[in-house]
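This report concerns the packing of two helices and the lining of an internal cavity.

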Amino acid sequence: WPLSPDPGSDSDSDSEDDNDKPQVRTNNTLSQPQPAAQTNVGGLLNLLDDDDDDQPVTTNPAPSAPSQQPDIFASLTFEDNFIGGGRPATNSSSDSKDQVQLFDKIRMPRHGSKGVLLKESLGEGMEVQYAFIRQDSIYSKTMSVVELTFLSKVEVRDIHMTSVDVKQMEVRKFDKIPVLHAHQSTTANLHIDFKGSERKLKFSIGTTDRTYPVTLAPKAGDLLKSHPMSISAFDTARKRLTGMQETSFVTSKATSTEDLASKITKFVDIAVLSLNPSNPKLFRLSAHHRHDPSQLVLISVDEASGGKYNVTINCDDMLFSGSLSDYLHKAIGK
């Protein structure tokens with residue numbers, strides 16, 4: 001019989017005070033300039049781009065498994081993760097009042113108060129702007145981070161901080177800037193523990209042959225830090241903080257309680273809690289003192305008659321409560 005051929009098998013292979021005049025410094029030598037990270041004045045805003053992780057490629061897919069929930073953190077921005085504490089916000093009515101949930105329709109600003117620290121006319125072509133950044137300091141959680149932006153029409157060398165009048169404050173100076181070229185800008189961070197007070201920090205910005213006296217003071221809202229908490233914890237704390245520890249004012253400068261709550265977040269570093277389905281027009285906002293986390297600050301926003309709105313502040317520190325109330329009432333308007 002003829003022999004049948006052996007069966008063969010194929011295998012595949014998977015082949016980031018204007019009240020004094022500049023002073024002249026003497027006997028000062030020019031420091032050796034070093035390269036400094038600078039940007040064009042017109043491009044001060046750096047956008048953060050989030051790249052999605054590449055998905056692994058498999059040639060032999062496994063049997064289908066039950067679908068999993070998507071990663072809720074993948075779509076969070078830098079501000080959501082860093083400033084908001086990295087937790088998703090929700091106002092779902094099914095959530096318990098004992099859970100910590102945030103209202104997700106109000107976006108938290110990156111910074112608090114801001115302004116001009118040194119005018120160009122007094123800085124001989126150099127201007128310095130400031131902004132209180134809502135993040136923890138790398139040195140201490142009790143410190144506020146102040147971002148300084150330097151802009152100049154002329155070349156300036158050896159920019160540094162000098163003549164600091166601390167007065168019961170703790171200060172970390174910004175890093176020296178070797179050279180700032182004409183029509184360029186650069187930023188530096190200043191770290192300050194104001195010890196819970198709105199006291200002013202006086203110092204001078206120095207260059208190779210000049211010093212420019214300046215004054216920096218925080219607003220009441222800059223001394224606080226967002227403090228998420230549950231609705232039940234908020235209501236319990238509010239019942240405790242009554243009498244002299246409660247202040248309030250009425251305003252008509254809003255279109256709704258949500259609009260008013262959003263305006264408050266522009267002036268105060270504070271968390272907006274999820275709504276209670278039993279009273280969806282009442283907004284609860286919570287924070288604590290950056291210098292002392294045990295000192296709570298609670299703000300309630302509710303409707304009043306005649307198209308007006310009530311803002312109630314409950315605070316462990318009754319003196320600060322009055323100061324915050326005056327600041328917000330002036331900032332928002334009557």
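Axes are lines fitted to C-alpha atoms, for helices over the stretch in contact, and angles run from 0 to 180 degrees between N-to-C directions. The model is predicted: local features need pLDDT of at least 70 and side-chain atom pairs pLDDT 80 or more, while totals for chains, interfaces and linings use all residues. Numbering starts from 1 along each chain, and side-chain values use heavy atoms, without hydrogens and water.

Helices α3 (residues 257-267) and α4 (residues 318-332) pack at about 115°, with axes 11 Å apart. They are therefore roughly perpendicular (65 to 115 degrees). The contact (heavy atoms within 4.5 Å) has the following residues.

| Helix | Contact residues |
|---|---|
| α3 | Leu260, Ile264, Phe267 |
| α4 | Tyr327, Leu328, Ala331, Ile332 |

By class, this contact of α3 with α4 has seven nonpolar, no polar and no charged residues.

The largest cavity (points on a 1 Å grid where a 1.4 Å probe fits but cannot get out) has a volume of about 70 Å³. Its lining residues, with an atom within 4 Å of a point, include Phe132, Arg134, Asp222 and Arg290. Strands β4 (126-133) and β5 (144-152) each give two or more residues to this lining. The lining has four nonpolar, three polar and four charged residues.

Key
On a 1 Å grid over the protein atoms alone, a cavity is a set of points where a 1.4 Å probe fits but cannot get out, and a pocket is an open set with protein on both sides within 12 Å along at least five of seven lines; lining residues have an atom within 4 Å of a point. Grid points are joined across faces, edges and corners, and a volume is the space filled by probe spheres set on the points. Helices (H or I, at least four residues) and strands (E, at least two) are DSSP runs, numbered from the N terminus. Ala, Val, Leu, Ile, Met, Phe, Trp, Tyr, Cys and Pro count as nonpolar, Asp, Glu, Lys and Arg as charged, and the others, Gly among them, as polar. Angles under 35 degrees count as roughly parallel, over 145 as roughly antiparallel, 65 to 115 as roughly perpendicular and the rest as oblique.
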